[in-house]
Amino acid sequence: MDAEQIFTVGQQGLMLLLMVGAPILLTVLVIGLVVSVFQAATQISEATLSFVPKIVGAVAVLAFAGPWMLSTLVDYLRETLLAIPGAIG
């Protein structure tokens, strides 16, 4: 296995990580932005007001996109494990 193949496998892993993590990260980002604008407009500085909606949103996204995320990761892991004998010999 040469350096180009190693970098390709690493690049594919990072792209998969971004693709799988994006729904949760974007949801929490949008919720945080909306809550921050609400807090700035109403001058409420309650810490749980920004924390609880993010947790609820992340759990909702996991409930909705979780099966897709898990199957994508399992498929990638299966492909990677099956490619090990070809990479060694």
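Begin with burial across the whole chain: of the 89 residues in this predicted model, 15% count as buried. Two of the buried positions, Thr72 and Val61, serve as stops later in the tour.

**Whole chain**

Display the protein as a cartoon. Its secondary structure consists of two helices and zero strands. Orient the view along the principal axes, where the C-alpha atoms fill a box of roughly 65 × 25 × 15 Å. The radius of gyration is 19 Å, whereas a compact globule of 89 residues would have a value near 12 Å. If contacts are drawn, consider those with a separation of 6 or more: 65% of them join residues 24 or more positions apart.

**The helix pair**

Next, select residues 3–42, which form helix α1, and give residues 47–88, helix α2, a second colour. Two packed helices are described by the angle between their axes and the distance between the axes. For α1 and α2 the angle is about 160° and the axes lie 9 Å apart. Angles over 145 degrees count as roughly antiparallel, and α1 and α2 are therefore roughly antiparallel to each other. The crossing of α1 past α2 is right-handed. Colouring the contact between α1 and α2 by residue class shows 19 nonpolar, eight polar and one charged residues.

**Val61**

Now centre on Val61, a residue of helix α2. Is Val61 buried or exposed? Its relative accessibility is 14%, and because buried means under 20%, Val61 counts as buried. Show the neighbours of Val61 as sticks: leaving aside residues up to four places away in sequence, Val61 touches Pro23, Ile24, Thr27 and Gly66. Then draw a distance from the C-alpha atom of Val61 to that of Ile24; the separation is 6.2 Å, although the two residues are 37 residues apart along the chain. Ile24 belongs to the stretch 3–42 assigned to α1, so this pair can be viewed together with the helix pair described above.

**Thr72**

Continue along helix α2 to Thr72. With a relative accessibility of 13%, Thr72 also counts as buried. Which residues does Thr72 touch, not counting residues up to four places away in sequence? Select Leu16, Met19 and Val20, the residues that Thr72 touches under that condition.

**Closing view**

Finally, return to the full cartoon with both stops labelled. Val61 and Thr72 are each located in α2, the helix that packs with α1 at about 160°.

Key: Residues numbered from 1 in each chain as written. Predicted model: local features only at pLDDT ≥ 70, side-chain atom pairs only at ≥ 80, totals over all residues. Heavy atoms only, no water. Helix = DSSP H or I, 4+ residues; strand = E, 2+ residues; numbered from the N terminus. Buried < 20%, exposed > 50% of the residue type's maximum accessible area, 1.4 Å probe, protein only. Contact = heavy atoms within 4.5 Å. Axes fitted to C-alpha atoms, helices over the stretch in contact; angles between N-to-C directions. Parallel < 35°, antiparallel > 145°, perpendicular 65-115°, else oblique. Left-handed = near helix turned anticlockwise from the far one by under 90°. Nonpolar A, V, L, I, M, F, W, Y, C, P; charged D, E, K, R; others polar. Rg over C-alpha atoms; globule rule 2.2 N^0.38 Å.
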